[in-house]
Structure formats: C-alpha cells, structure tokens
Amino acid sequence: MNERRMLGSDQELLDEHYEKVIAEESVCISDNLVYGKPETLTSTPMHYCPGCGHGVAHRLIAEVIDEMGIQEKTIGVAPVGCAVFAYNYFDIDMSEAAHGRASAVATGIKRVLPDRYVFSYQGDGDLAAIGTGETIHTCNRGENILIVFINNGIYGMTGGQMAPTSLVGMKTTTSPFGRDTHEMGYPLKITELIAQLPGVYYCSRVAVNTPVHVRKAKKAIYNGFKYQELNKGLSFVEIVTNCPSNWKMTPVESNKWLEENMIPFYPLGDLKVPKKEN
Amino acid sequence: MAKVKGDIVIDIEKCKGCELCASACPQESLELSRKLNSKGYHYIIKIEDNCTGCTNCALVCPDSVIKVYRRTEKSSEKVATITNVTGDLTVKVK
C-alpha cells in the first residue's frame, strides 16, 4: 500500500506499474470466462447515475431471461421514473406505460398473449404512490405476471422529492427538515400490504448492495419467472436500492446508509412463499 | 489444492467510477485511475495482480462493465489408481 502511494507521486512510474500488472495476464481467454454481460442487455450505455442500483436490477433480470432461454417470449413493461428508458437496455419486447399503470398494461398483455412471460418494472413513486390502486387490484386479481418493485425511498428522476416510502426523518427536497409523521404520515410498506392478498403467490424483498444480496435477488427474480411459467399467480419482488444522487452521498456511502437505515425498516427475506405440495 | 488465478477486463468507456467494485473486492486490487474516459469519469483499473476471479466486482457493478475470467490449474497429484476391472465392470480402486 505504501509503495503504491509513493509511486502515486510520479505519474510515469505509476503508468509503468499499471502496464506491468496488465501485461502479466494470460488468463483472459473465452474458455475461462466466468462472468460477463448477459446477452439480453443491449450495448447501450445506461443513463443512470454512477452507483445506481437500477443497473444491477436490469442485469439480474437479463441474466434470468438468458438462463431460462425465454428472450423471444418475454415482454417487459417500463414505468415512468428513472427506469423510463428501460426499453433501450433490454433486448426483448418492451412496452411503455402511463405513470403508475405498468401493472395494468402488463395485465392486458398477459391476457391477450398468455404464453408470453410478462413482467413490469416499477419504482416506488410509480408503484406505491400514483399507481397504488392499479397495483393492489392487479395483485388482488392474481394476474399471472411478475412485478419488480424498485424501492429507494425517494423520487429520483424529478429531483429527490419525498416518496410514500421515504423513511421517518429522511431529508428530501419536499421535506427539508426530515419527514415528520404528524404532517406527512408514515412510510408505506407496500410489500407487506400486498402479501396479505390471496391472489399473490410469491412475495419477496431483496437488496442489491452487496454480492450476497445480489445473488439472493437473482434467485427471487428467477422464482418469479418460474412461478409464472407454472401459471401459479402473481409474483412480487421488491428490490431495496440506493439513490446516491438524491441522498447526497457517494455510492459507497449510500450503500452503507442503506444497510444501516433502509434494511432495518424494510427487512429482507421472503414475505410469502408457496406451501410445499406433497 | 488447485491453484486459482483470475483476471478481469474492464470496459473503461462505460465505467462511471462509482467504486462499488473496489469496495466489494476482497483482495483490494481495484482503484480509480487518475485518467478520465471520454465522458469525464475516472474509471476503475486493476492495480494488483492478485485477482482470484471471485466475481464480486462484476456482481455489484451497475453498468456491467466487468468481465471475469478464472483459470484453475489442475493439481498433478494422483487421486486414485485403478487396479482391477472385473467382467461386470466393477472397478477396484487402490
């Protein structure tokens, strides 16, 4: 470590050191590839801020689609919010929905084309605020779709306003002194709310801040697509993510904040799992 | 014990320098470059030659810019020797 810092004072020596590190490698051949970008993601650079959890969520969905081999049979519904351009990043059929109505559009697509895999990808301002009615009724009808819910506790695209899922005391541009429950109410745990509905078959909450959580998140999304294949009913996966830009933190700090504040309030794990059939 | 040697390839033009991979790397072999890419971000580079190919950096990368390679060198030690194969294909191992 100290050696590196000393080298850091001299740019030329530093460059030489890096070149040496790169030149020594001979393991980069296709036989040894263990992890790369999934085929379902296009090569378009994502417009998300550095460190945003949306990118990881996109990649996990693309990986599951790749592994199940259902790229030609999958239809996604993009929301209004930060993920509004999701159709540029997925190499599958995508549809755009009006604000909050992604689950209603997904219902329509699934009913017309029941052999396709349909998922909606929604943020917290979309699913838990303006689209609460559509979400709850879609879940109550038990439509055979997967809803991926990205919860970062803030309106990201519009500039960091308070969302229904913002934590108590959280500072946003519309609650500059922190969320006050007397005036602004309590955070909405929409996943707990819809887990009680009989139409929901599988309901889980995951995060994407550490490698362990990313692996678990992938498994939850895989389960969602698998239950859809088996015509079991609605699957709901909540992904707790960070928003470094609007939380006014660096990406690493925001993940730490998420671990310390968001996860205790939004505990991870399966909220509703199907009973084992004997 | 098989020896594991890994390496990564970073798409520096798409990297946004969020440093999530550097914080997830158990070997601490990633760091931000002093140079900028065409979008004006300091991109991530590998500074140590101790990668084990654990894929942690690629798992947390939001922009999927990291490709991970891993080579396992097979150990030359013999695990077992087949001594006799009988008519009904029962294998005796010493």
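**Close-up views of a predicted two-chain model**

**View 1. Helix H12 of chain A, shown from end to end.** Helix H12 of chain A, in this predicted model, covers residues 251–265 and so comprises 15 residues by the run that defines it. From its first C-alpha to its last, H12(A) reaches 20 Å, close to the 21 Å expected at 1.5 Å a residue.

**View 2. The kink in H12(A).** Where is the helix bent? A kink of about 40° is present in H12(A), and its centre lies at Leu258(A). Leu258(A) is also among the buried residues of this helix.

**View 3. The buried residues of H12(A) and their surroundings.** Besides Leu258(A), the residues Pro251(A), Ser254(A), Asn255(A) and Met262(A) are buried. In an α-helix, residues three or four places apart point the same way, because each turn holds 3.6 residues. Which elements cover the buried residues of H12(A)? From chain A, the cover includes strand E9 (234–240) and helix H11 (244–247). Chain B contributes helix H1 (20–24) to this cover.

**View 4. Chain A, the chain that carries H12.** Chain A contains 12 helices and 10 strands. Of its 278 residues, 43% count as buried. Among the contacts in chain A with a separation of 6 or more, 67% join residues 24 or more positions apart.

**View 5. Chain B, the chain that carries helix H1 (20–24).** Chain B has 2 helices and 6 strands, arranged from the N terminus in the order β-α-β-β-α-β-β-β. Buried residues make up 34% of the 94 in chain B. Of the contacts in chain B with a separation of 6 or more, 61% are between residues 24 or more positions apart.

Terms used: Residues numbered from 1 in each chain as written. Chains lettered and ligands numbered in written order. Predicted model: local features only at pLDDT ≥ 70, side-chain atom pairs only at ≥ 80, totals over all residues. Helix = DSSP H or I, 4+ residues; strand = E, 2+ residues; numbered from the N terminus. Buried ≥ 20, exposed ≤ 12 C-beta atoms within 10 Å, placed from the backbone. Contact = placed C-beta atoms within 7 Å. Expected span 1.5 Å × (residues − 1). Bend = angle between axes of the 7 residues up to and from the residue.
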